Amino acid sequence: MIHIKRLQEDGADVIALVGEIDASSSIELDLAIAKSVGEGFSKILIDCSALEYISSAGLGVFMSYIEEFKDRNIKMVLFGMSDKVANTFSILGLNELLHIGKDKVQAKQIVNEL
Amino acid sequence: MRSKAITRLLFTVGVITWLALVFTDISILFSTTSGIKPEVPVWLPGIILNLFILSLFYYYKLKIERDEVLNFVDLLWRVFATGLISTVISLGLRVIDHLLGSPDIGSRSAFNIVFNDLIYLINLGLMIGFLMMGYSAWKRLILYQKSKWLLRLWAFFEVGLLISLLYNTFRFPQVQWLHVTLLSIFVVVGLVLSGNMKWVAFLNFRQKWTSLLLLLLTIFYLFYSFFTNQSLSDNIVKVSENFTDYHRHIFVLSLMVFVTVYSIFSFLVILFNLPTTSVFEQKLEEVVNFQRISQSIQTEQSEESVYNILLETSVSSVFADAAWLEINSNAHEHKVFTYKITDKESRDIINHLNAHNIKGVFDQGSEKTKNLSKHLATLKGSRFRSILAFPIYVKGDNIGTLALLKELPEGFNKEMTKIVSTFSNQAGISIENFRLMEEALQNERYKEELKIAKMVQKSLLPTLLEQDHDFDVAAFSESADEVGGDYYDTLRINDHLVSIIIADVSGKGTTAAFHMSQMKGIFHSLAQRDIEPDDFMVQANQALVYCLERGSFISATYFIINTQTKKIRYARAGHCPVLYYHADRELTEYFKDKGVALGMVRNKSYSNFIQANEFTYKPGDIMILYTDGVTEAKDAKGEEFGYERLAAMVCDLRDLTPAQAQDHMIHKLYEFSGTENIDDDYTTMIVKFKS
């Protein structure tokens, strides 16, 4: 089960993920990101501080946006991951493809530098 | 068979008792008129008459009441036929009587008296037979729809009548008041019973006409029979009173009143019911139609036939001149089923109503049926003057609109609105059920597919692994109920080179099995060519880019073991890090290196994200490969098995063969999770190097 909260800060859309993302809840994540993009945000911050688990399907969602965001110049930064979640990202090599910050401050900094 | 024999017996008894009645009655009459004391006791004919009545009573009881197949018109027909036969015989006797020359009134010739009595007795027998027939038939009609109260009243009537036979058998001193009281009780009860006419409602128009005719003739026969017996007995009374006179017989009199009254009542009720018959038939048809809609779910193959039945039944139930059914398959697509109206006409009406911005069922928000007739008046060139529209709901969603049209103004009444609204509700339920069933079927199909996918997946894994004098290898794979995409394989490149792969396809089900088979194809074609592990990954990525859909990827690690140089070169593409045990240093470590999973970078730059690594193996070293199902296996508290536990376990494996080590690992895993139903796939592959 995943609970997704969205709020806007300094022109960036902050999407907070609370809970676990598995095959079925990954659809909600996909919808949330698609909605944010649809609303015209070019800076998207993903708050993973309350994310307990992410399955390969959830990782697939992030992965599927990489190229599209590059083409449309949309910046997405993830932040606040627990070690376990961060490990999942790094094993797959996603940490090299995604921008990952330590906390929100750093994430904002990364987003503005990109 | 037995009841058939009994009816025959009863009939014979009836005939015999009647004959006995004739003999005794004539002999008494003859004796008394001749002034001789009769040899036969005068009370005997009364008893015989009652025996005759009893035998007929049970004869008809068996013949009519036990016959299940008789319908109402059949019953009326039987009564009519009995009446016809008795009337024909009676008329025949009259003719014979006439031919013989009617004797002078008051003639006391012995022959005449005997002859008159004979004719009277024949007529009496026929009348009683006719009455008994009528009684049995009316009993069935009255008791067609029983109630406790009715059954009790009937039992009282029947038992009372039978007891009255006893009263008549023994010639109690004739007490006028008792006689009249008994008779009037039976007449009143008979009248009350005659009020039960429910069967009439079940006749259709044609049957009603037939019944009217049959009843009319039956009434005629009854009166003729009464008249004949009356006149005949009158003739005899003039000569002597010592004969079997039915005028004092309560049973016969009660029956005469009851059968006649019920016949007349039935006739009148049917007559007055004639004009409303069509309404009853209509109601009946509605019930049948209703059933058709409900049953259509079991028998019909598609939603379309449910729609068509709804259209047909609604039209026929309210006598609509035309109708259409508009189904919104989705927001933009409207499908229109029409009945006696062209698509264009219906479109015109819809557009007209929309154009005038009429808030009705045509907008999706409406919940109630609407009579839109008044808005139709403004549409020129349309032949329709009344329109009634109904929304159809499935699971609370408005899926369409049913519109009924009439050429008459004000053509729909409240009753019709109710009926069709019930129909459309039922149709909604039918469609909902239909969809649920489709879903269930889909699910079943999906399960079947999974079964096949699981079989395919199993068949993709190798049964035999490459063995070498330098190392032993064992592998194990188990998948959850849903098919996963774990894959491992080995391939010998030449006498000193062996390649090994372990991979995990993201996603589950048939697509995972499909991607797994692609991975197998890629492995077998690329590994043959003896290319560097990182090249292998780059080329595999290139090949997979075209077949992996959005969001899908494959993690893999590819090894080439060189037994000549004792070196292993490998590349890790997003797969779980290799767990390695160095026997000489008694040290366990995960190889932390970089590599992005296959399919994540879908352009040439992938080569930047993958690297080739190399290490040297020594005898006793153990290399453990696995998929994330192992590290993510959870215990009862939801805690994961994790990398530390896995690494810690390696010490136990030092002195085991790969096969034994594998058994140990799996045992530990089950022990940890507390169940053998781990809801993920997990695969292990253990390579142990020999000295």
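**A few questions on chains A and B**

Reader: What share of the 114 residues in chain A is buried?
Author: This is a predicted model: local features need pLDDT of at least 70, side-chain atom pairs count only at pLDDT 80 or more, and totals for chains, interfaces and linings use all residues. Residues are numbered from 1 along each chain as its sequence is written, while chains are lettered from A and ligands numbered from 1 in the order in which they are written. With buried meaning 20 or more other C-beta atoms (placed from the backbone) within 10 Å of the residue's own, the share in chain A is 42%.

Reader: In what order do the elements of chain A run?
Author: Chain A has five helices and five strands, taken as DSSP runs (H or I, at least four residues; E, at least two). From the N terminus, they go β-β-α-β-α-β-α-α-β-α.

Reader: Of the chain A contacts between residues at least 6 apart in sequence, what percentage joins residues at least 24 apart?
Author: A contact here is a pair of C-beta atoms, placed from the backbone, within 7 Å. By that cut-off, the figure for chain A is 69%.

Reader: Which helix gives the most to the largest nonpolar core?
Author: That core (buried Ala, Val, Leu, Ile, Met, Phe, Trp, Tyr and Cys joined through C-beta atoms within 7 Å) has 103 residues, with A:L45, B:M537, B:I554 and B:L598 making the most contacts inside it. The top contributor, with eight residues, spans 509-527 of chain B: helix α14.

Reader: How many residues are in the other core, apart from that one?
Author: B:L49, B:F52, B:L215 and B:Y262 are among its members. The count is 59.

Definitions and conventions:
A residue is buried if 20 or more other C-beta atoms lie within 10 Å of its own, exposed if 12 or fewer, and partly exposed in between; C-beta atoms are placed from the backbone. Two residues are in contact if their C-beta atoms, placed from the backbone, lie within 7 Å.
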